[in-house]
Amino acid sequence: MSELPIDDSGTRAELEAKATELRTQIADLTRPPEGGATIGFGKRIGEGTTQAIQQMADASTAQTLAEVLDQVERALTKMDSGTYGLCDECGTPIGDARLEFRPWSVRCVDHADG
Ligand SMILES: [Zn+2]
């Protein structure tokens, strides 16, 4: 029996599902508020401020999700080029435990920026 490369078909499906999920979440968060479709808590003092804070929080969340999406897409690219599981910075294996926790990891624990 010959040595098989790591079967990454399951991981690829997982990454693609994650990318789709992230794109949906980002689209939801960055969708401009529609007139009449805002959540109605009734008119009260500070409502505009609350809404502005919520929009800032949404933008911040969208930014974080976009960064993860970048990594997911990078991981998929690495899968295509055969470097999946290797650190982008130093080329050493990222490690199974880390990849199991975050299959889209593209850097080893030493070079992780988050
Ligand atoms: Zn590294």
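**Notes on a zinc-binding helical model**

1. The buried residues of α1 pack against α2. That contact seems a good place to start a read-through of this predicted model. From the other side, α1 (9–30) is among the elements that cover the buried residues of α2.

2. A word on confidence before the details. The average pLDDT over the protein is 86, and 81% of the residues score at least 70. Confidence is highest in α1, at a mean of 95, and lowest in α3, at 92. As a general caution, where pLDDT is low, the predicted coordinates should not be read in detail.

3. Now to α1 itself. The helix has 22 residues and spans 31 Å from its first C-alpha to its last, close to the 32 Å expected at 1.5 Å a residue. Its buried residues are Leu15, Ala19, Leu22 and Ile26. Viewed down the helix axis, these buried residues fall within an arc of 70°, so they line one face of α1.

4. Its partner, α2, has 35 residues and reaches 50 Å between its first and last C-alpha, close to the 51 Å expected at 1.5 Å a residue. The buried residues of α2 include Ala62, Leu65, Val68, Leu69 and Val72, and also Gln71 and Lys78. After α2 comes glycine 82, which has a positive phi, near 80°.

5. Lysine 78 may catch your eye. This residue belongs to helix α2 and is buried, with a relative accessible area of 2%. Leaving aside residues up to four places away in sequence, lysine 78 touches Thr83, Tyr84, Leu86, Cys87, Asp88 and Val106. One of those contacts, Cys87, is also a zinc ligand through its SG atom.

6. Which atoms hold the zinc ion? The donors are SG of Cys87, Cys90 and Cys108, together with ND1 of His111, at 2.0 to 2.3 Å. Their spacing in sequence reads C-x2-C-x17-C-x2-H. The four donor atoms subtend angles of 100 to 114° around the ion, so the arrangement is tetrahedral.

7. The cysteine pair 90 and 108 deserves its own point. Cysteine 90 sits in the loop between α2 (47–81) and α3 (96–101), while cysteine 108 is in the segment after α3, so the pair ties together parts that are 18 residues apart in sequence. Are the two buried or exposed? Cysteine 90 is partly exposed, at 38% relative accessible area, whereas cysteine 108 counts as buried, at 6%.

8. Glycine 85 is placed in the loop between α2 and α3. With a relative accessibility of 10%, glycine 85 counts as buried. Its contacts, not counting residues up to four places away in sequence, are Thr92, Pro93, Ile94, Gly95 and Leu99.

9. Finally, arginine 107, which is found in the segment after α3. Its relative accessible area is 22%, and because the buried class ends at 20%, arginine 107 is partly exposed. Where does this residue stand relative to glycine 85? The two are 22 residues apart in sequence, and their C-alpha atoms are 8.3 Å apart in space. For arginine 107 and aspartate 88, the C-alpha separation is 5.4 Å, with their positions 19 residues apart in sequence numbering.

Notes:
Residues are numbered from 1 along each chain as its sequence is written. This is a predicted model: local features need pLDDT of at least 70, side-chain atom pairs count only at pLDDT 80 or more; totals for chains, interfaces and linings use all residues. Side-chain values use heavy atoms; hydrogens and water are left out. Donors are N, O and S atoms within 2.8 Å of the metal (3.2 Å for Na, K and Ca); water is not among the atoms, so sites may look incomplete. Four donors count as tetrahedral if all angles lie between 85 and 135 degrees; four count as square planar and six as octahedral if opposite donors are over 155 degrees apart and all others between 65 and 115; anything else is irregular. Helices (H or I, at least four residues) and strands (E, at least two) are DSSP runs, numbered from the N terminus. Buried means under 20% relative accessible area, exposed over 50%, partly exposed in between (1.4 Å probe, protein chains only). The expected span of a helix is 1.5 Å times one less than its number of residues. Contact means heavy atoms within 4.5 Å. The arc is that of the directions from the helix axis to the C-beta atoms. pLDDT is the predictor's confidence in each residue, from 0 to 100.
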